[in-house]
Amino acid sequence: MKELARRLPIGAELLDGGVDFRVWAPAATSVEVLLDTEQGVRCVGKLDAEEEGGYCAARIADVDVGSRYWFRLDGEE
């Protein structure tokens, strides 16, 4: 996976082209980003687990500044 130009090691960071999400989840087989919207909770993307050291990351477009988000690991609530 191409290394992302981040300032923060984990969490959400606004960059050109969207928001970079990154979390350390070495035991997870899947990681998704969920947003809390006026219409309810929606999944906006799956994080790629190809980074070294157990990190999962993705750049996701169309996420507004200040959006409430969380990560779902292995499909759990």
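Trainee: Which residues does Trp24 touch, not counting residues up to four places away in sequence?

Mentor: In this predicted model, Trp24 touches Ile10, Gly53, Gly54 and Tyr55. Contact here requires heavy atoms within 4.5 Å, so each of these four has heavy atoms that close to Trp24.

Trainee: What makes the link between the side chain of Trp24 and Gly53 a polar contact?

Mentor: The side chain of Trp24 reaches the backbone oxygen of Gly53 at 2.7 Å. The cut-off for a pair of N or O atoms is 3.5 Å, with one able to donate a hydrogen and the other to accept it. The value of 2.7 Å is within 3.5 Å, so the distance condition is met.

Trainee: Where does Trp24 lie, and how far is Trp24 from Ala57?

Mentor: Trp24 lies in strand S2. Trp24 and Ala57 are 33 residues apart in sequence, while their C-alpha atoms are 8.9 Å apart in space.

Trainee: How do you know that S2 and S5 pair?

Mentor: Pairing needs at least two bridges between two strands. S2 and S5 are joined by six bridges, therefore they count as a pair, and they run antiparallel. Phe21, for example, stands opposite Ala58 in S5.

Trainee: What is the order of strands in the open sheet that holds S2, and why are S1 and S5 called edges?

Mentor: The order is S1-S2-S5, with antiparallel pairing. S1 and strand S5 (55–60) each have a single partner strand, so one side of each has no neighbour in the sheet. Neighbouring strands of this sheet are turned by 20° against each other on average, direction ignored.

Trainee: What is the strand order in the open sheet that contains S3, and which strands stand at its edges?

Mentor: That sheet has three strands in the order S4-S3-S6, paired antiparallel. Strand S4 (40–46) and strand S6 (68–73) are at the edges, because each has a single partner strand and is left without a neighbour on one side. From one strand to the next, the twist averages 30°.

Trainee: How do you know that S3 and S4 pair, and what joins them?

Mentor: Strand S3 (residues 31–37) and S4 have six bridges, and at least two are needed, so they pair. Their sense is antiparallel. Val33 has Gly45 in S4 as its bridge partner, and Leu35 has Arg42. A hairpin of two residues joins S3 to S4.

Trainee: What makes the link between the side chains of Glu32 and Arg72 a polar contact?

Mentor: Glu32 is in strand S3, and its side chain is joined to that of Arg72 at 2.8 Å. The cut-off is 3.5 Å, so 2.8 Å passes. Beyond four places in sequence, Glu32 is in contact with several residues, including Cys43, Trp70 and Arg72.

Trainee: Which strand gives the most to the lining of the second largest pocket?

Mentor: S1 does, with three residues. Strand S1 (11–15) and strand S2 (18–24) each supply at least two. The lining includes Ala12, Leu14, Phe21, Asp64 and Gly66, around a space of about 150 Å³.

Trainee: Why is Gly66 counted as polar in that lining, and how do its residues divide?

Mentor: Gly is placed among the polar residues by the rule used here, so Gly66 counts as polar. By that rule Asp64 is charged and Phe21 is nonpolar. The lining divides into seven nonpolar, two polar and two charged residues.

How values were computed. Residues numbered from 1 in each chain as written. Predicted model: local features only at pLDDT ≥ 70, side-chain atom pairs only at ≥ 80, totals over all residues. Heavy atoms only, no water. 1 Å grid on protein atoms, 1.4 Å probe; cavity = no way out; pocket = protein on both sides within 12 Å on 5 of 7 lines; lining within 4 Å. Points joined across faces, edges and corners; volume = space filled by probe spheres on them. Helix = DSSP H or I, 4+ residues; strand = E, 2+ residues; numbered from the N terminus. Axes fitted to C-alpha atoms, helices over the stretch in contact; angles between N-to-C directions.
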